[in-house]
Amino acid sequence: MKDYLIKGIDELGRIRVYVASSTNLVENARITHNTSPTASAALGRTLTAGVMMGAMMKNEKDVLTLKISGGGPAGNIYVVSRNNGIIKGYIDNPQADVPSRADGKLDVGALVGNNGSITTIMDLGLREPYVGQSNIVSGEIAEDIANFYAVSEQQPSAVSLGVLVDKDISIKAAGGYIIQLLPGVSDQDIDKIEAKLASIEPVSAMIDKGMTPEEIVDSILGDFNMQILEKMDIEYKCDCSRERIEQVIISLGKQEIVDIIEEDGQAEIVCHFCDTKHQFNKKELK
Ligand SMILES: [Zn+2]
């Protein structure tokens, strides 16, 4: 199934939902970074959340950086997204792995760690970026993002993220959803949604069965007459370019560049997000 996300809202405008089907996106990230199974799940969950969070921004030029820093063997996880479904990311230690849990599930919480913070930096084209932060709760990502919305944004939300890794360590299924409860939603409706969320299967199992984002919305919020506002293709893609890397080199300053020329005679800059090696010879550095 093609990767995409949808945004929906109920007819009274009190329940907003984002659902993403992201299997190919997460597989591309896995191939790019050569991640261990648990690292694939950790990075994949973060990318799936990030692409939905990016889609919440209003303008084309807005940039969201989401950083998960849980103090575990994974190191930090970064994802950068825009509002157009394009996302990139990386994990500090892609090869780090931990034993599975007793129930056989990948132990993402142990790999990410639960002693640290989650940070979002939104560059909305204003003088200062908007920064939000909260503590990591479990390192399982979805719970951490739900807590982030509650604590940092005062936005009650239900977040579910899932990545199924196949026996050959490729990505079998990935996806997620974020449900936001807006002002005016009744306690009765909240109870109804909570009861539903407690009874449905994990989102990765729904994607694996071939359910579309629309069908997932229907299975959770079918009682609320949801309207789909937008449908968007999503993709793992790095936007680095030689020109952009040139700007990075220029920003080092003249002395630093002179030092590089004298010491190495050339420069190689490796992009964290796509592993592309950008090379600059002496003449170009000059
Ligand atoms: Zn790149």
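## Two domains

Four residues of domain 1 are in contact with four residues of domain 2, where contact is defined as C-beta atoms, placed from the backbone, lying within 7 Å. On the side of domain 1 that touches domain 2, strand β5 (residues 86-91) gives the largest share, three residues. Helices (H or I, at least four residues) and strands (E, at least two) are DSSP runs, numbered from the N terminus. By type, the residues on that side of domain 1 are one nonpolar, two polar and one charged. Here Ala, Val, Leu, Ile, Met, Phe, Trp, Tyr, Cys and Pro count as nonpolar, Asp, Glu, Lys and Arg as charged, and the others, Gly among them, as polar.

This is a predicted model, in which local features need pLDDT of at least 70 and side-chain atom pairs count only at pLDDT 80 or more, while totals for chains, interfaces and linings use all residues. Residues are numbered from 1 along each chain as its sequence is written. The domain assignment of the protein chain gives domain 1 as 4-236 and domain 2 as 242-285; such bounds come from an automatic or database domain assignment. The centres of the two domains, taken over C-alpha atoms, are 35 Å apart.

## The five-stranded sheet

Strands of a sheet pair through backbone hydrogen bonds, either parallel or antiparallel. Two strands are said to pair if DSSP finds at least two bridges between them. One open sheet has five strands in the order β8-β9-β2-β1-β10, with antiparallel pairing. Its edge strands are β8 (157-165) and β10, each of which pairs on one side only. On average, neighbouring strands of this sheet are turned by 10° against each other, direction ignored; axes are lines fitted to C-alpha atoms, for helices over the stretch in contact, and angles in general run from 0 to 180 degrees between N-to-C directions.

Strand β2 (residues 15-21) is mostly covered, with six of its seven residues buried. A residue is buried if 20 or more other C-beta atoms lie within 10 Å of its own, exposed if 12 or fewer, and partly exposed in between, with C-beta atoms placed from the backbone. Six bridges join β2 to the antiparallel strand β1 (residues 4-10), and Ile9 stands opposite Arg16 in β2. The hairpin of β1 and β2 has four residues between the strands, and Gly13 in this hairpin takes a positive phi near 70°. β2 also pairs with strand β9 (residues 171-181) in the antiparallel sense, over seven bridges; Ile15 stands opposite Leu181 in β9. Nine bridges join β9 to β8, and Leu161 stands opposite Gly176 in β9.

## The six-stranded sheet

A second open sheet has six strands in the order β7-β6-β3-β4-β5-β11, with mixed pairing. β7 (130-135) and β11 (235-236) stand at the edges with a single partner strand each, so one side of each has no neighbour in the sheet. Helix α4 (residues 142-152) packs on the sheet, touching β3 (63-69), β6 and β7, and its direction makes about 115° with that of β7. Strand β6 (residues 117-123) pairs with β7 in the antiparallel sense over six bridges, and Met122 has Tyr130 in β7 as its bridge partner.

How many residues of strand β4 (residues 76-81) are buried? Five of the six are, so β4 is largely enclosed by the rest of the structure. β4 pairs with β3 in the antiparallel sense over six bridges, and with β5 in the antiparallel sense over five. Val80 in β4 stands opposite Thr65 and also opposite Lys88 in β5. The hairpin of β3 and β4 has six residues between them, with Gly71 in the turn at a positive phi of about 80°. The hairpin of β4 and β5 has four, with Gly85 in the turn at a positive phi of about 85°.

## The core and helix α2

The largest nonpolar core has 69 residues, and Leu5 and Ala42 have the most contacts inside it. Such a core is a set of buried Ala, Val, Leu, Ile, Met, Phe, Trp, Tyr and Cys residues joined through C-beta atoms within 7 Å. Helix α2 (residues 37-55) gives the most to this core, ten residues. α2 lies across β1, β2, β8, β9 and β10, and runs at about 140° to β8.

Leaving aside neighbours within four places in sequence, the contacts of Ala42 include Ala74, Ile77, Ile91 and Val108.

## Exposed places

Helix α8 (residues 242-251) is hardly covered, and the count of buried residues among its ten is zero. Gly253, just after α8, takes a positive phi of about 95°.

Asp223 lies in the loop between α7 (213-221) and β10 (226-233). Asp223 is exposed, with 12 other C-beta atoms within 10 Å.

Definitions and conventions:
Two residues are in contact if their C-beta atoms, placed from the backbone, lie within 7 Å.
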